[in-house]
Amino acid sequence: MSTTLIIDYGAGNLRSVLNSVRSIANPDETVKLCNDAGELSNADRVILPGVGAYHECRAGLDRVNGMVESLNNFVQSERPFLGVCVGMQLLVQSGTEHGIRAEGLGWLEGDVSEIKPNSPDAKIPHMGWNGLKTARSHPVTNGISNGSDVYFVHSYAVQNANPDQVVATVDYYGDICAIIGKDNIVGTQFHPEKSQDVGLKMLRNFMDWRP
């Protein structure tokens with residue numbers, strides 16, 4: 001029996017992530033929401049979703065007693081961790097949105113700021129399907145073809161990432177970090193739970209991942 005916890009800190013999008021992961025879970029895999037930091041000590045893997053402003057999501061994490069400390073301890077234990085959308089953005093050092101700067105979890109290099117496409121034709125937010133450009137192999141992208149379409153909804157993105165931590169990018173009038181990762185940590189800017197078969201394949205890969 002294994003347990004996957006989806007962190008509930010008031011950041012939205014929880015039910016769609018929960019339902020998608022449950023849909024690909026094996027009978028011996030428990031998947032549930034978690035707003036109790038104490039539960040992380042017995043979890044096998046953790047997913048951190050996120051929708052909304054960077055500083056608000058960080059404040060939501062801080063409001064859950066002991067959660068940031070437990071997340072740090074979890075990651076240090078080398079168990080697999082997945083951040084989704086703002087959950088991915090929180091993996092880096094900081095983010096600035098609407099003129100408000102907030103500290104991230106600092107596990108990966110980079111900072112978050114507004115997308116600045118190199119064309120006046122680009123619409124913000126970057127919304128809809130776009131093809132991944134693979135930068136390096138990763139267990140979460142096993143069996144996923146280069147160019148596979150996934151679903152994005154975002155106006156902010158990770159900048160100044162360490163190239164060695166960029167797993168995939170997407171071209172939206174310039175490259176945008178789509179997947180970043182290091183050791184047992186991985187994050188997707190897109191929503192795998194909304195990315196149909198490709199997204200479900202990535203979620204299953206994450207469930208099978210043993211860093």
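This passage describes the overall fold, the nonpolar core, one helix and the salt bridges of a predicted model.

The protein chain comprises 5 helices and 13 strands. Its radius of gyration is 16 Å, close to the 17 Å that the globule rule gives for 211 residues, so the chain is as compact as a globular protein of that length. Along the principal axes, the C-alpha trace spans about 50 × 40 × 30 Å. Of the 211 residues in the chain, 55% are buried. The surface that the chain exposes amounts to about 9300 Å², and carbon and sulfur atoms supply 43% of that area. When contacts between residues at least 6 apart in sequence are considered, 72% of them join residues at least 24 apart.

The interior contains a largest nonpolar core of 69 residues, within which Leu61 and Phe81 have the most contacts. The surroundings of Phe81 were examined beyond its neighbours within four places in sequence. Phe81 is in contact with Val46, Leu48, Leu71, Phe74, Val75 and Leu91, and further with Trp107, Asn184, Ile185, Val186, Phe206 and Trp209. Three of these partners, Leu71, Phe74 and Val75, are also among the buried residues of helix H3.

Helix H3 covers residues 67-76, and its buried residues are Met67, Val68, Ser70, Leu71, Phe74 and Val75. Viewed down the axis of H3, these residues fall within an arc of 160 degrees and therefore line one face of the helix. Glu69 and Gln76, on the other side of H3, are exposed. The cover over the buried residues of H3 includes several strands, among them S1 (2-7), S2, S3 (45-48), S4 (81-84) and S13 (185-188). Helix H2 (54-63) also contributes to this cover. Just after H3, Glu78 adopts a positive phi of about 70 degrees.

Charged side chains form 6 salt bridges in the structure. In one of them, the side chains of Arg204 and Glu29 meet with an N to O distance of 2.8 Å. Arg204 belongs to helix H5 (residues 196-208) and Glu29 to strand S2 (residues 29-34), so this pair ties together parts that are 175 residues apart in sequence. Both Arg204 and Glu29 are buried; for Arg204, the relative accessibility is 15%, which places the residue in this class because buried means under 20%.

Arg204 also forms a salt bridge with Asp208, in which the closest N and O atoms are 2.7 Å apart. Asp208 and Arg204 both lie in helix H5, at a separation of 4 residues, or about one turn of the helix. Asp208, with a relative accessible area of 44%, is partly exposed. Through these interactions, Glu29, Arg204 and Asp208 are linked in a network of salt bridges.

A further salt bridge is formed by the side chains of Glu39 and Lys32, with an N to O distance of 3.2 Å. Here Glu39 counts as partly exposed, at 25% relative accessibility. Lys32 is likewise partly exposed, with a relative accessible area of 34%.

Key:
Residues numbered from 1 in each chain as written. Predicted model: local features only at pLDDT ≥ 70, side-chain atom pairs only at ≥ 80, totals over all residues. Heavy atoms only, no water. Salt bridge = Lys/Arg side-chain N within 4 Å of Asp/Glu carboxyl O. Helix = DSSP H or I, 4+ residues; strand = E, 2+ residues; numbered from the N terminus. Buried < 20%, exposed > 50% of the residue type's maximum accessible area, 1.4 Å probe, protein only. Core = buried A, V, L, I, M, F, W, Y, C linked by side-chain atoms within 4.5 Å. Contact = heavy atoms within 4.5 Å. Arc of directions from axis to C-beta. Rg over C-alpha atoms; globule rule 2.2 N^0.38 Å. Areas by Shrake-Rupley, 256 points an atom, 1.4 Å probe, with all protein chains shown as cover.
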